[in-house]
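Thanks for coming. I will show one model and then go through its fold, its interface and a few of its side chains.

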2 protein chains.
Amino acid sequence: MEVDTGNLPGRNTAIRATHLVSHDSQNSTALRDAGDSLTERYLAEVRDLIHDELLAIVGGSRYRGVLYDLMLEYPLRDAKGLRPALCIAVCRGLGGRLADALPTAAVLELYHNAFLVHDDVEDGSRLRRGKPTLHEAHGVPVAINVGDGMMALSLQPLLDNTRRVGLGRALQVLELVSTMCRESVEGQALELDWIRAGRFDLGDRDYLEMVRKKTAWYTFVAPMLAGAALAGAARYPRSALRRFATVLGIAFQIQDDLLNLDGDEHAYGKEIAGDLEEGKRTLMVLHLMRVLEPEERRRAEAVLRTPRGAHRVEDLRWLQGELRRRGSIDYGRALAQRYAQRARSALRRLEAHLHPSVHREFLESIVEYTVARAR
Amino acid sequence: MEVDTGNLPGRNTAIRATHLVSHDSQNSTALRDAGDSLTERYLAEVRDLIHDELLAIVGGSRYRGVLYDLMLEYPLRDAKGLRPALCIAVCRGLGGRLADALPTAAVLELYHNAFLVHDDVEDGSRLRRGKPTLHEAHGVPVAINVGDGMMALSLQPLLDNTRRVGLGRALQVLELVSTMCRESVEGQALELDWIRAGRFDLGDRDYLEMVRKKTAWYTFVAPMLAGAALAGAARYPRSALRRFATVLGIAFQIQDDLLNLDGDEHAYGKEIAGDLEEGKRTLMVLHLMRVLEPEERRRAEAVLRTPRGAHRVEDLRWLQGELRRRGSIDYGRALAQRYAQRARSALRRLEAHLHPSVHREFLESIVEYTVARAR
């Protein structure tokens, strides 16, 4: 298919050679650049591959201008591309082929970005990856429709999997995507309900249930299980992979919430403390509610119930300060570390089944990356 | 599965006997009530069947309160249920079984309502089927997420089709749904772009292209072709069915636009002239633009470009009046009739392949219904 890449925002036209991701060697170190870490290079290479795949999926439609270019806006901004990288690494690590995993990996990235477009409208966010959110730039109606379009476009490549990897694997992936969508919508519904109903009678268990659905399933569980399905892997400890993905997802979301409270806006690419403005019930906020005196707790609840845009800056600053002073940030950091530790244990049960390769190394490295990242 | 129907809005707990839809007799007249038309009874029976099917799809999840009950809001309001009825009628008319068509028919209704939920947000509509729109009642964030959830829920029953009707037919239906989603999002993108860019340099061809995508594909083409696929029908004139569905869809949308301009709010269930407030480029509006004097045309454009909620009532009244006086309403009526006539011709090419049955009679009656309906 002829694809014109001329007008695409942020498109890196010089495709990097993909040494790591397509390589089967056991000796990966020779291939690495001196500067970047394995994690960063693996992610960057997958991003290039996924960009090409997304261009192929979007194709040369005459509706590019009014629809499809907007679908590529978020995916082509400088994203991590974690989901496709996890899918590919598990597929390759279990002996599968890159070409078999690529379309599905691209679809997972497309779904992720579709949810982001809608999430940004729902949360009233202004920045995404350092640029205006889609609804800020093009209005809410267009943003909702573009998100729907990204979901609509996701189905065909998964149907084409039947020809690529056979019916059995294709249907496994479709079932996973079906579950993934349900889980993330349920997680999002829980969170929206808490905010809308003004609920603060929530414990860590509630938070963890929401995050297992909202983040872990669609960022980690679905991509990794899809990778295993696409590899046609039958004999590997599926429960260990699932556990690895779940606990890693929880660590990832806690870290994300920490960065939102306490990170560097430039590196993070979103408004700092945006979660407080949105009244998000993070682990840290729930901790703070438990340790505040009744009167301060009432003030904190009032701040968190204030609609976005109606806050006094000093109230948000006060809340941010309390989160630090009362040990809530430290509490979150400790829990993120604990879940990262659990991820390492789960990965040890898997390692014997993974080929010694960059793909296995990438999966090992991702645990550290998840809790140490600045964005 | 145990399903509690107690709290469902608008649920008709006394399930009507479904004489027509499940009946194979060639003599349908004996089964009809004296009062209702065949069209109305067929639609009503399908609605009851689809309500049960939707309850089964939604199931007894613990997230009913925060999510799934809201997904049933629109489908259980007093809708026409046209899409499932068309799917079932074609399937049965071509010799297929009711049980094979039901889950897909319910999914088509679910998709339709998901798009309505998002459309209502995009258009800023206040009423849907005589009650507040979902975002009016529960806020925009919840409405966007509920729409996403309805789409997410639609995939599983289509995957379960593989066990029900076999792989070949299941995949055909999935391909149709994939195309349907793309077509409707493209149609919606066209319309949003015209409004956003303030474009009035549009002809009937532009309108018809948009409507073929936005309405015909997802209300008529996909349901009917899915019905044929589920029946396993191989030897019927597929091109005639497709043509029947397309031209009927166009007649349907023109009639919908006419009702919006000129209908009875109580019967119609939406705000009359809401399309003018939203600046929709209907066939009638485009006609008016062609016949108005330059100065009046400028006034009309200014009214249509005014954002929703900022209009003076007299401007909308003036526009409505001009549409009548300048023959634009008559022009729309005549075109709806012409497309209905084309639908009758296409149906004649199909009739020899349809079993003589209520299902065939329903398909014949639907042409009249489409252009004569008051809602």
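**Fold, interface and salt bridges**

Of the 375 residues in chain A, 63% are buried. Keep in mind throughout that this is a predicted model. Chain A has 17 helices and two strands. As for how the chain packs on itself, take the contacts in chain A between residues at least 6 apart in sequence: 77% of these join residues at least 24 apart.

Now the two chains together. How are chain A and chain B related? A rotation of 180° superposes chain A on chain B, with 0.0 Å of shift along the axis and an RMSD of 0.0 Å. That is the relation of a two-fold axis.

The interface fits with that description. In chain A, 43 residues are in contact with 43 residues of chain B. The interface residues of chain A are also interface residues in chain B, to 100%, so the copies meet through the same surface.

On to the area. The size of an interface is often given as the accessible area lost when the parts come together. Between chain A and chain B the buried area is about 4000 Å², and carbon and sulfur atoms give 66% of that. What about polar pairs? Across the interface, 16 residue pairs are in polar contact, both residues being at pLDDT 80 or more. Which helices of chain A each supply at least two residues of the side that touches chain B? They are α3 (64-76), α5 (98-123), α6 (134-138), α7 (140-165), α8 (167-196) and α9 (204-231). Helix α8(A) gives the most to that side, with 16 residues. By residue type, the side of chain A that touches chain B divides into 23 nonpolar, ten polar and ten charged. Despite those charged residues, the count of salt bridges between chain A and chain B is zero.

That brings me to salt bridges in general. Side chains of opposite charge can pair when their charged atoms come close. Over all chains the count comes to 55 salt bridges. I will take three of them.

In chain A, the side chains of A:D123 and A:K280 meet in a salt bridge, at 3.2 Å from N to O. A:D123 lies in helix α5 of chain A, and A:K280 in the loop between α12 (274-277) and α13 (283-291), so the pair ties together parts that are 157 residues apart in sequence. Are these two buried or exposed? A:D123 is buried, at 17% relative accessibility, and A:K280 is also buried, at 10%. The pair belongs to a wider set: A:D123, A:E278, A:K280 and A:R308 are linked in a network of salt bridges.

The other two are in chain B, and each sits within one helix. B:R41 and B:E45 meet through their side chains in a salt bridge of 2.8 Å, N to O. Both lie in helix α2 (residues 38-58) of chain B, four residues apart, which is about one turn of the helix. B:R41 has 8% relative accessibility and counts as buried; B:E45 is buried too, at 2%.

The third is B:E301 with B:R297, where the closest N and O atoms are 2.8 Å apart. Helix α14 (residues 294-305) of chain B holds both residues, again four residues apart and about one turn of the helix. Here the burial is split. B:E301 is buried, with a relative accessible area of 13%, whereas B:R297 counts as partly exposed at 26%.

Last, a spot in the backbone. Phi of A:R129 is near 55°, a positive value in a residue other than glycine. Where is A:R129 found? It is in the loop between β1 (127-128) and β2 (131-132) of chain A. In chain B, B:R129 has a positive phi of about 55° although it is not a glycine, and its place is in the loop between β1 (127-128) and β2 (131-132) of chain B.

B:R129 also turns up among the contacts of a buried asparagine. B:N113 lies in helix α5 (residues 98-123) of chain B and is buried, with a relative accessible area of 0%. Leaving out residues up to four places away in sequence, B:N113 touches B:Y74, B:P75, B:R129 and B:M150.

Definitions and conventions: Residues numbered from 1 in each chain as written. Chains lettered and ligands numbered in written order. Predicted model: local features only at pLDDT ≥ 70, side-chain atom pairs only at ≥ 80, totals over all residues. Heavy atoms only, no water. Contact = heavy atoms within 4.5 Å. Buried area = accessible area lost by both parts, 1.4 Å probe. Salt bridge = Lys/Arg side-chain N within 4 Å of Asp/Glu carboxyl O. Polar contact = N/O pair within 3.5 Å; in protein donor to acceptor, adjacent residues only side chain to side chain. Nonpolar A, V, L, I, M, F, W, Y, C, P; charged D, E, K, R; others polar. Least-squares fit on C-alpha atoms with pLDDT ≥ 70 in both. Buried < 20%, exposed > 50% of the residue type's maximum accessible area, 1.4 Å probe, protein only.
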